[in-house]
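Dear colleague,

I am handing over the structure we spoke about, and you will find it directly below. My notes on what turned up in it follow, grouped by topic so that you can read them beside the coordinates.

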Amino acid sequence: MNSTAAREDVLSGVMDRWKSAVDAHDPERVASCFTEDAVFQGLHPYSLGRQGVAEYYESQPLGMRADCQVLETRQLAEDVLLGYLGVDFSFTDRPAIRVNLGVVLRRVDGQWRIAHYQVSKLN
């Protein structure tokens, strides 16, 4: 995957699946976007694995939606991709939150999944 466009397509595909599950408030489907051993750091203490991801998104309010913009991608190895995104989380009852999101994607059994997820809240 030598081109920027190809890397962005992979990242966008994974993040579109993640966004669809977040918007639907479907924590198990969100968790399925991650590897079994994923390191996950949202705005709460970090967790390891899909169960922690599902618990995090189960605790999020109904009506929360995510809108992503790919800012950068880098290929770290044949089956490893780094992504840097801007994400706006919107809510039905409070102002939106803007965060930066760093992800490491890993191809496992032919499917790209999130192996590392790190949010930084902007002030």
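**Salt bridges and their surroundings**

Arg-29 has a relative accessible area of 33% and is therefore classed as partly exposed. Please bear in mind throughout that this is a predicted model. The side chain of Arg-29 is joined to Asp-26 by a salt bridge in which the closest N and O atoms are 3.3 Å apart, and Asp-26, at 30% relative accessibility, likewise counts as partly exposed.

This pair belongs to a wider set, since a search of the whole structure finds 10 salt bridges. Among the residues involved, Lys-19, Asp-23, Arg-65 and Asp-67 are linked to one another in a network. Within helix α1, Lys-19 and Asp-23 are positioned four residues apart, about one turn of the helix, and their side chains meet in a salt bridge with an N to O distance of 2.4 Å. Asp-23 has a relative accessible area of 18%, and because buried means under 20%, this residue counts as buried.

Lys-19 also forms a salt bridge with Asp-67, where the closest N and O atoms are 3.5 Å apart. That pair connects distant parts of the chain, with Lys-19 in helix α1 and Asp-67 in strand β3 (residues 65-77), 48 residues apart. Asp-67 is partly exposed, its relative accessibility being 40%, whereas Asp-23, the other partner of Lys-19 described above, is buried.

**Helix α3 and its packing**

Which residues of helix α3 are buried? In this helix, which covers residues 49-58, they are Gly-49, Gly-52, Val-53, Ala-54, Tyr-56 and Tyr-57. These buried residues pack against two helices, α1 (4-23) and α2 (27-31), and against the strands β1 (34-41), β2 (47-48) and β6 (111-121). Helix α1 thus appears twice in these notes, as a packing partner of α3 and as the element that holds both Lys-19 and Asp-23.

**A nonpolar patch on the surface**

Val-39, Tyr-46 and Leu-48 together make a nonpolar surface patch of about 310 Å². Leu-48 is found in strand β2, which is also one of the elements that the buried residues of α3 pack against. Leu-48 itself has a relative accessible area of 56%, and because exposed means over 50%, this residue is classed as exposed.

With best regards

Methods. Residues are numbered from 1 along each chain as its sequence is written. This is a predicted model: local features need pLDDT of at least 70, side-chain atom pairs count only at pLDDT 80 or more; totals for chains, interfaces and linings use all residues. Side-chain values use heavy atoms; hydrogens and water are left out. Buried means under 20% relative accessible area, exposed over 50%, partly exposed in between (1.4 Å probe, protein chains only). Contact means heavy atoms within 4.5 Å. Patches are made of residues with over 30% relative accessible area and no salt bridge: like charges are joined within 9 Å, nonpolar side chains (Val, Leu, Ile, Met, Phe, Trp, Tyr) within 5 Å. Accessible areas come from the Shrake-Rupley method with a 1.4 Å probe; for residues, only the protein chains shown count as cover. A salt bridge is a side-chain nitrogen of Lys or Arg within 4 Å of a carboxyl oxygen of Asp or Glu.
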